[in-house]
Amino acid sequence: MNKTLMAISFSLLVCLMAVWPGSARAQGGYESVTGTAFVNAVPADFYLEGNRIPVEKRNSALLKTPTGSRVVVGLIDTTGYSSKIKTKYTGFLITETSISFGGTKLGVGSYGFGLDTPAAPSTAAATFKIYNLAGEKLGEGTAKKDDSIKQPKPLGVAADKTGPAKILFGKYVIEIQ
């Protein structure tokens, strides 16, 4: 009887192991990460076009993808840099997996991006451009304005475990999938 109980327990364990990873993958969402993992992942400076530009850590976010990889996104401080750098770059993105940033497909790597917002009180979408570290444009798209955001921050994250992450730049939204 002891062997029968062990066989049933083993079968149950095998069934649970077969189902568990599938249910975890089925969630398909992003998760915002804080604490020590955040502190260790967000760099103090970011390299773009031969420049080491300070990162605004308070305006940065660390996301865990559905597969467990990480994506770091944040704003950079271009004060004191050339007008070319100031007008071109708003922030940075580092990804350990292939993602879509506002519809632009990106592979593993580091990227800079810029966000051109229309003059207030316009309700038009903003335009974003994404660049590799050498400053070559890889893509562009639109960031929709969401007037339902009551207290906009320079950078915020809306991530839940059931869908894409939304990066909020004030009232402008870009999805990461």
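Trainee: Which residues do ring pairs link into a cluster?

Mentor: In this predicted model, ring pairs link F101, F113, F128 and F169 into a cluster. A search of the whole structure finds five aromatic pairs, and the pair of F101 and F128 is a good place to begin.

Trainee: Why is the pair of F101 and F128 called edge-to-face?

Mentor: Two values have to be set against two cut-offs. Ring centres must lie within 6.5 Å for a pair to count, and those of F101 and F128 are 5.4 Å apart. Planes over 60 degrees apart count as edge-to-face, and here the angle is 80 degrees, so the pair receives that name.

Trainee: What makes this pair a tie between parts that are apart in sequence?

Mentor: F101 belongs to strand β6 whereas F128 belongs to strand β9, so the pair ties together parts that are 27 residues apart in sequence.

Trainee: How do you know whether F101 and F128 are buried or exposed?

Mentor: The word buried requires a relative accessibility under 20%. F101 has 0%, so F101 counts as buried, and F128, also with 0%, counts as buried because that value falls under the cut-off. Across the 177 residues of the chain, 37% count as buried.

Trainee: What makes E49 partly exposed?

Mentor: The relative accessibility of E49 is 21%, and since partly exposed covers values between 20% and 50%, E49 falls in that class. E49 sits in the loop between β2 (45–48) and β3, and its phi is near 50 degrees, which is a positive value in a residue other than glycine.

Trainee: Why is S100 called buried, and what does its side chain reach?

Mentor: S100 has 9% relative accessibility, which is under the 20% limit, so S100 counts as buried. This residue lies in strand β6 (residues 99–101), and its side chain reaches the backbone nitrogen of G103 at 3.3 Å, a distance within the 3.5 Å that a polar contact allows. Leaving aside neighbours within four places in sequence, S100 is in contact with K105, E175, I176 and Q177.

Trainee: Which residues touch the most other members of the largest nonpolar core?

Mentor: That core has 24 residues, and L93, F101, F169 and I176 touch the most other members. Several elements give two or more residues to this core, including β3 (51–64), β6, β9 (126–131) and β13 (172–176). For I176, not counting residues up to four places away in sequence, the residues touched include Y30, L63, V71, L93 and F101. Another core, of 14 residues, lies apart from the largest one and has V33, L48, I53 and I85 among its members.

Trainee: How do you know that K88 lies over the face of Y131?

Mentor: K88 is at 4.7 Å from the ring centre of Y131, and the distance limit for a charge over a ring is 6 Å. The definition also asks for a position within 35 degrees of the ring normal, and K88 is listed as lying over the face of Y131.

Trainee: Where is there a cis peptide bond, and what is its omega?

Mentor: A cis peptide bond joins A120 and P121, with omega at about 5 degrees. P121 lies in the loop between β8 and β9.

Trainee: How many helices and strands does the chain have?

Mentor: The chain has three helices and 13 strands. Among contacts between residues at least 6 apart in sequence, 47% join residues at least 24 apart.

Notes
Residues are numbered from 1 along each chain as its sequence is written. This is a predicted model: local features need pLDDT of at least 70, side-chain atom pairs count only at pLDDT 80 or more; totals for chains, interfaces and linings use all residues. Side-chain values use heavy atoms; hydrogens and water are left out. Helices (H or I, at least four residues) and strands (E, at least two) are DSSP runs, numbered from the N terminus. Buried means under 20% relative accessible area, exposed over 50%, partly exposed in between (1.4 Å probe, protein chains only). Contact means heavy atoms within 4.5 Å. A polar contact is a pair of N or O atoms within 3.5 Å; within protein, one must be able to donate a hydrogen and the other to accept it, and residues adjacent in sequence count only if both atoms are side-chain atoms. A nonpolar core is a set of buried Ala, Val, Leu, Ile, Met, Phe, Trp, Tyr and Cys residues joined through side-chain atoms within 4.5 Å. Rings of Phe, Tyr and Trp (its six-membered ring) pair if their centres lie within 6.5 Å; planes under 30 degrees apart count as stacked, over 60 as edge-to-face and the rest as tilted.
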